[in-house]
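User: I'd like to learn how to read a few features of a protein model. Could you walk me through them?

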Amino acid sequence: MSVSTKVLTFAGKTEKMRTIVVGAGAAGCFAAIELKRLCPHMEVVLLEKSSKPLAKVAITGGGRCNLTNSFAQVKSLEQVYPRGHRLMKRHFHRFSHRDTYEWFEREGVSLITQEDQCVFPLSQDAMEIVGTLTRLIRQHGINLYTHSKVNSISHEGNGYRVETADRTFLADHVLISIGGQPSEAGFSLLKTIPLKMEPSRPSLFSFCIEDTQLRTLMGIVVTHAKVSLTGTKAKGEGPLLITHWGVSGPAVLRLSSVAAKEFAERDYQGDISIRWVQDEEEDLRNYLRDTCLRHAEKKLSTIHPEALHSRLWEHLIARASLQDDLRWKAMTDKDIHRLTNVLTNDVYRMTGKNRFKEEFVTCGGVALSNLHAETLEAKEHPGLFFAGEATDVDAVTGGFNLQAAWTMGYVAAHGIAARQGDIQ
Ligand SMILES: Cc1cc2nc3c(=O)[nH]c(=O)nc-3n(C[C@H](O)[C@H](O)[C@H](O)COP(=O)(O)OP(=O)(O)OC[C@H]3O[C@@H](n4cnc5c(N)ncnc54)[C@H](O)[C@@H]3O)c2cc1C
């Protein structure tokens with residue numbers, strides 16, 4: 001196969017400045033558009049390895065694109081950004097979820113905030129977000145090259161040399177927005193540029209559970225459960241779904257995110273404790289004692305906490321080594337103690353992780369300590385910027401990951417523009 005090598009000239013002082021954005025995902029496309037608005041005379045080139053831009057955005061939110069969150073239920077950013085919350089706090093003063101909302105509505109996308117505070121396009125179609133961004137890329141004259149995997153980036157004079165299999169570009173600024181990489185090998189394009197990396201690890205996965213009895217309850221949802229990885233302080237709280245492979249749902253995904261590092265170290269094996277009810281242990285014990293008095297003649301299986309499905313209750317009775325046809329009046333103090341224990345600390349063996357069709361992200365990547373927090377420019381490599389999941393920033397589900405991509409894309413674009421002196 002013949003490979004044509006095209007070397008573009010370095011943009012000098014008298015020529016147009018050139019910025020190369022590597023990766024046409026959420027952060028890269030957003031940054032390219034913002035940059036072109038700030039610096040209309042700058043040449044902005046987007047290099048994308050796959051056949052089309054924004055392929056991941058197209059499948060976000062199950063094809064509906066949960067593009068941000070109202071943050072109304074977020075008490076602290078640490079709760080939703082296990083990695084990068086300080087950076088996000090700083091940057092939300094410049095580009096927050098409200099700005100995202102206004103930005104997309106200004107571009108003609110009507111948005112809706114669901115009861116759970118997740119924000120979607122009113123059309124419930126991720127392609128509306130993809131279509132809007134690609135239209136703006138075209139309108140602003142951004143040069144998009146697909147099938148252009150960047151293999152290497154190196155210093156060249158005061159700028160950078162960016163190489164794909166068949167082209168070499170010289171650029172004054174480079175923005176790396178290649179998304180989360182499953183392993184460090186994904187960052188090999190930066191091999192000549194020393195940077196501190198945080199190990200790449202999956203986040204946002206559900207748990208495979210060994211217990212076959214639990215799995216027979218697939219489809220049952222507990223609206224408020226607490227899940228923890230035993231031996232750590234990591235917890236996830238919220239709805240929990242029992243699946244045919246184990247457990248899933250927001251509580252589980254949150255724990256997978258908060259303890260992503262610990263799960264990887266344990267090779268996704270370990271003990272998971274589930275707290276099925278919200279009540280304090282003492283209140284729960286009182287409830288059970290009271291039920292023994294008020295429903296003395298009834299069978300154990302017929303009366304249960306409202307939050308629990310009757311089939312799940314039967315399963316939990318068995319976990320406490322009790323017979324479901326036992327009468328409440330026959331419960332001893334020891335039985336009540338065992339049942340309370342199962343309801344508040346029910347331990348299952350985790351045998352692996354499962355991604356199924358859910359959102360997943362990678363934690364780790366380019367360490368934030370490499371970057372000027374204000375601009376996302378590499379401290380040791382002037383003109384080299386980073387945005388999105390390629391950095392060590394990631395979030396739980398709910399629109400927070402895309403919000404990080406928009407915010408960081410915006411900040412990096414302003415950093416590049418400020419460097420060029422077009423704004424400031
Ligand atoms: C199934 C799924 C559903 C999701 N749903 C949601 C959701 O509803 N809400 C939410 O907030 N988050 C969601 N996420 C997470 C969210 O999509 C990502 O966090 C976000 O897309 C990250 O944006 P990014 O620009 O950093 O990376 P990406 O969007 O992954 O873009 C990176 C781009 O860089 C390209 N690239 C990589 N390497 C190279 C290279 N060497 N040269 C050239 N190009 C390269 C890639 O092909 C890709 O197009 C979901 C993720 C998945 C997998």
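User: Which residues come nearest to the ligand?

Analyst: A residue is near a molecule if its C-beta atom, placed from the backbone, lies within 6 Å of it. Here 36 residues surround the ligand, and Gly23, Gly25, Gly61, Gly179 and Gly388 come nearest. Helix H1 (26-38), helix H2 (55-59) and H13 each give two or more residues to this shell; helices are DSSP runs (H or I, at least four residues), numbered from the N terminus. This is a predicted model, where local features need pLDDT of at least 70, side-chain atom pairs count only at pLDDT 80 or more, and totals for chains, interfaces and linings use all residues. Residues are numbered from 1 along each chain as its sequence is written.

User: How many domains are there, and how many residues of each are in contact?

Analyst: Domain bounds come from an automatic or database domain assignment. That gives domain 1 (6-202 + 360-420) and domain 2 (205-358), with 40 Å between their centres, taken over C-alpha atoms. Contact is defined as C-beta atoms, placed from the backbone, within 7 Å; seven residues of domain 1 meet eleven of domain 2 in this way.

User: And where does the largest nonpolar core lie?

Analyst: Such a core is a set of buried Ala, Val, Leu, Ile, Met, Phe, Trp, Tyr and Cys residues joined through C-beta atoms within 7 Å, buried meaning 20 or more other C-beta atoms within 10 Å of a residue's own. The largest has 108 residues, with Ala31, Ala32, Val174, Leu175 and Ala412 making the most contacts inside it. Helix H13 (residues 400-420) supplies the largest share, twelve residues. Both domains give residues to this core, so it lies between them. Among the residues that Leu175 touches are Ala31, Phe385 and Ala412.

How values were computed: A residue is buried if 20 or more other C-beta atoms lie within 10 Å of its own, exposed if 12 or fewer, and partly exposed in between; C-beta atoms are placed from the backbone. Two residues are in contact if their C-beta atoms, placed from the backbone, lie within 7 Å. Lists of a residue's contacts leave out its neighbours within four places in sequence.
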